[in-house]
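Open the model in your viewer and keep the selection panel handy. We'll make a few stops.

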Amino acid sequence: MRYVDEFRDPVTGQQLLQQITHQVRVLGRDAQHPLKIMEVCGGHTHTLFKFGIESMLPEGIEMVHGPGCPVCVLPVGCVDDAIAIATQPNVIFTTYGDTLRVPGSQKSLLQCKAEGADIRTVYSPSDALALARQSPDRDVVFFGIGFETTAPSAALTLLQAHEEGLSNFFLFSTHITIIPTLQALLDDPLLQIDGFIGPGHVTMVIGLEPYLALCETHHKPIVISGFEPLDLLQSLVMLLEQFQTGRCTVENQYKRVVQNSGNRIAQQALEKVFLPRECFEWRGLGSIPNSGLQIRPEYAHLDAEKRFLLPSRSVPDPKACQCGEVLKGAIKPWQCKVFGTACTPETPIGACMVSSEGACAAYYNYGRLATTRTLPQER
Amino acid sequence: MCLGIPGQIIQVTDTARKLGIVEIGGVRRTINLACIVDQDHAIGTCVGAWVLVHVGFAMNRIDPQEAQRTLDLLREMGDLQKEIASIEPTDTKTSEGTGEIR
Ligand code: SF4
């Protein structure tokens, strides 16, 4: 596939790995004193494992898998709310497939569906809108989840429903934003990170500017990266170059997709539809100010939170779960007490085990196989 | 759900709703083009363009020149690395024990 295959060439990948190894040596980093680099986005975690990159990096680099997988940070309370909506009479509840197995306090959406609720997996919010048009006598709710990558599509769909005068389409927004999240991470004394691989697709929407202040106040370099193996390796080279030259800036490796100013149309849609919530509770990370997006009062008639009575309870994460520490990079997934025993992709306790972009699922599915250091090739 | 995939716009099907057919890895789907259409980029002109598709929406155009520049840079990095590797004595080379100077 164009724009994919060219960025997977194993020979170039091997050369970049050699360069990274060389740079790490020059920087004097080793297994005892590794550079800790966080890839914020779950898509990057996925690439690192799928192509076995994690296991080929020199020991002087430690990749910390950040909280950028929206499924992984979806709190128990939100799942309970989603279930409360889905079990109302006359509701068709639509969602991306990824959320189905995330555990709530009693059950998951999947269990709820098995018990008879009309829950349907959709590929796009547009599919939910089409359902609403087709079923005027049912309430169709779309479960909006994700960062600024998926939030604009939800916003545009809501605007479309508004324009068409639909009265049976509702958005349940658990959308979140990246900058307050990074801010909270950087303010956390537990977190020891030297630099960041920034999320390419969020940045394609918001642009580079919002990162500048963060980079400056916390003195952490950030390289915005694409999602193919060569993208990630090149981003690492760029980040290491910043360390070598003592620079600390926001750089863009993913120029084919990310413009410095982002996508203005998507930004305007977000502005028009959403307002920041005072606080949003994350699975594992607790409450982060201004990190959630709620629907503006102008569109209250399309807001599922207004239409349905929701428990909106704050439910603590399960006791056995150490997702918070994993998401902050304080422990590695396999160090969690229940990893691979009580918590597996089939029977997840924490959400990091649910999504294929979650750090725990990635380790479970790929990590244990990555014992040899070979060329990056798709497994 | 968060993984974006490149695709090529084949046809515009609904100018008012800004919908078009995009081919993504051999599969054709109706995709919303609202995020990539504005005064400077009229919807009629986007057939043939490559875009990044997320959850049924084209979220940005892919810039072919920038893609080429990145690939060129990657190649240069690779060449440079070959140079460095050829002058840098590494453990593997000395341990081969052939006595040859390479
Ligand atoms: S193994 Fe399960 S419970 Fe432990 S951190 Fe990972 S997802 Fe959470």
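The tour goes from the chain interface to a helix pair and then to a salt bridge.

First, some housekeeping: this is a predicted model, where local features need pLDDT of at least 70, side-chain atom pairs count only at pLDDT 80 or more, and totals for chains, interfaces and linings use all residues. Residues are numbered from 1 along each chain as its sequence is written, chains are lettered from A and ligands numbered from 1 in the order in which they are written, and side-chain values use heavy atoms, with hydrogens and water left out.

**Stop 1: the interface**

Select chain B and whatever it touches in chain A: 41 residues of B are in contact with 50 of A (contact means heavy atoms within 4.5 Å). Together the two chains bury about 4,000 Å², 65% of it on carbon and sulfur atoms; buried area is the accessible area (1.4 Å probe) that two parts lose on being put together, summed over both.

Now pick A:Glu164 and B:Arg17, a salt bridge whose closest N and O atoms are 3.6 Å apart. The chains share two salt bridges (a side-chain nitrogen of Lys or Arg within 4 Å of a carboxyl oxygen of Asp or Glu).

Which elements of chain B give two or more residues to the side that touches chain A? Color strand 1 (5-14), strand 3 (27-32), strand 4 (50-54), strand 5 (57-61) and helix 1 (64-87) of chain B. Helices (H or I, at least four residues) and strands (E, at least two) are DSSP runs, numbered from the N terminus. Helix 1 of chain B gives the most, with 13 residues.

**Stop 2: two helices in chain A**

Select helix 7 (residues 151-164) and helix 12 (residues 264-273) of chain A: their axes come within 9 Å and cross at roughly 65 degrees. Axes here are lines fitted to C-alpha atoms over the stretch in contact, with angles from 0 to 180 degrees between N-to-C directions. Show side chains at the contact, including A:Leu156 and A:Leu159 of helix 7 and A:Leu270 and A:Val273 of helix 12.

**Stop 3: a salt bridge in chain A**

Finally, zoom to A:Asp118 and A:Arg138, which meet in a salt bridge (2.9 Å, N to O). A:Asp118 sits in the loop between helix 5 (109-114) and strand 4 (119-121) of chain A, and A:Arg138 in the loop between helix 6 (125-134) and strand 5 (139-146) of chain A, so the pair ties together parts 20 residues apart in sequence.
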